[in-house]
Every structure is written in structure tokens, then in C-alpha cells.
Amino acid sequence: MATTAVTDASFKSDVLESDKPVLVDFWADWCGPCKMIAPALEELSEELGDKVTIAKMDIMENPDIPGSMGVQSIPYLVLFKNGEPAAQMRGAAPKGQLKQWLEGAL
């Protein structure tokens with residue numbers, strides 16, 4: 001299962017109303033660290049796809065949700081459970097650290 005693109009318009013249905021946890025990666029095309037963690041997130045979406053949906057939101061194309069959430073630095077990862085933010089991580093990290101954080105938060 002690959003990562004899913006989420007937009008301002010689809011955020012409510014794709015994230016807040018999801019029946020399983022959703023990890024949202026707030027990113028932008030110009031962000032080097034965002035590009036560094038992208039392959040790890042793709043791999044984690046394959047490995048943990050039965051437990052969590054991994055979604056990506058481009059903050060340049062979708063400014064409303066990141067603005068309302070106060071996203072000020074990227075990459076910014078937010079795990080939503082039952083429509084509520086349950087855990088967050090700022091900055092890039094190696095795949096092993098991302099996986100350990102995510103599994104601990106689930």
C-alpha cells in the first residue's frame with residue numbers, strides 16, 4: 001500500500017473520518033529533509049499498511065489545513081487516531097527511528 005495524497009478538500013474524509021489511524025506527512029517539494037524521508041515513509045506504508053494509513057499533504061498546494069494546525073516547520077508528521085492528533089514528530093529521521101516512533105504511538 002503506497003502513501004496517499006491528501007488535500008484540504010479531502011482531509012476530513014481521508015484523515016479525520018478514517019476508521020484506522022492516519023499518519024500525515026506535511027511536506028513541500030522544495031524541502032530537502034522531506035525528500036529524504038519520503039522513501040522511508042513509502043516502505044513503512046507497505047510494512048504497516050494494515051495498521052495505519054500514511055498520507056502526504058503538500059503544504060504549498062494545500063495551505064488551509066496546515067495553517068489551521070499551526071504547521072511552521074517541515075517535515076512535520078502527525079498521527080491522527082479517531083480524528084484527533086495523537087502524536088507528532090518534527091524533522092527528518094532515519095527509517096528505523098520513524099518506525100519505532102510510529103509503532104510506539106499506535
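Which residue in strand 5 does Phe-80 stand opposite? The partner is Pro-85, and the pair makes a handy way into this structure. The model is a predicted one, where local features need pLDDT of at least 70, side-chain atom pairs count only at pLDDT 80 or more, and totals for chains, interfaces and linings use all residues. Residues are numbered from 1 along each chain as its sequence is written, and side-chain values use heavy atoms, with hydrogens and water left out.

Take strand 4 to begin with, residues 76–81 (strands, E, of at least two residues, and helices, H or I, of at least four, are DSSP runs numbered from the N terminus). Five of the six residues in strand 4 are buried, meaning under 20% relative accessible area, while exposed means over 50% and partly exposed lies in between (1.4 Å probe, protein chains only). Strand 4 has two antiparallel partners. With strand 2 (residues 22–27) it shares five bridges, and with strand 5 (residues 84–90) it shares six; two strands count as paired if DSSP finds at least two bridges between them. On the strand 2 side, Phe-26 has Tyr-76 as its bridge partner. Two residues sit between strands 4 and 5 in their hairpin, where Asn-82 takes a positive phi near 50°.

Another asparagine, Asn-62, turns up in the loop between strand 3 (53–58) and helix 3 (64–69). Asn-62 counts as buried because its relative accessibility is 8%. A polar atom of the Asn-62 side chain lies 3.1 Å from the backbone nitrogen of Asp-8. Neighbours within four places in sequence aside, Asn-62 is in contact (heavy atoms within 4.5 Å) with Val-6, Thr-7, Asp-8 and Met-57.

Then there are the charges. Side chains of opposite charge can pair when their charged atoms come close. The whole structure holds six salt bridges, each a side-chain nitrogen of Lys or Arg within 4 Å of a carboxyl oxygen of Asp or Glu. In one of them, Lys-12 and Glu-17 bring their closest N and O atoms to 3.8 Å; Lys-12 is exposed at 53%, and Glu-17 is exposed at 52%. Lys-35 pairs with Asp-29, also at 3.8 Å, and Lys-35 is partly exposed at 47%.

Glu-43 and Lys-95 meet at 2.8 Å, N to O. This pair links distant parts of the chain, 52 residues apart: Glu-43 belongs to helix 2 (residues 32–47) and Lys-95 to helix 4 (residues 95–105). Salt bridges with shared partners join Glu-43, Glu-47, Lys-95 and Lys-99 into one network.

How values were computed: A polar contact is a pair of N or O atoms within 3.5 Å; within protein, one must be able to donate a hydrogen and the other to accept it, and residues adjacent in sequence count only if both atoms are side-chain atoms.
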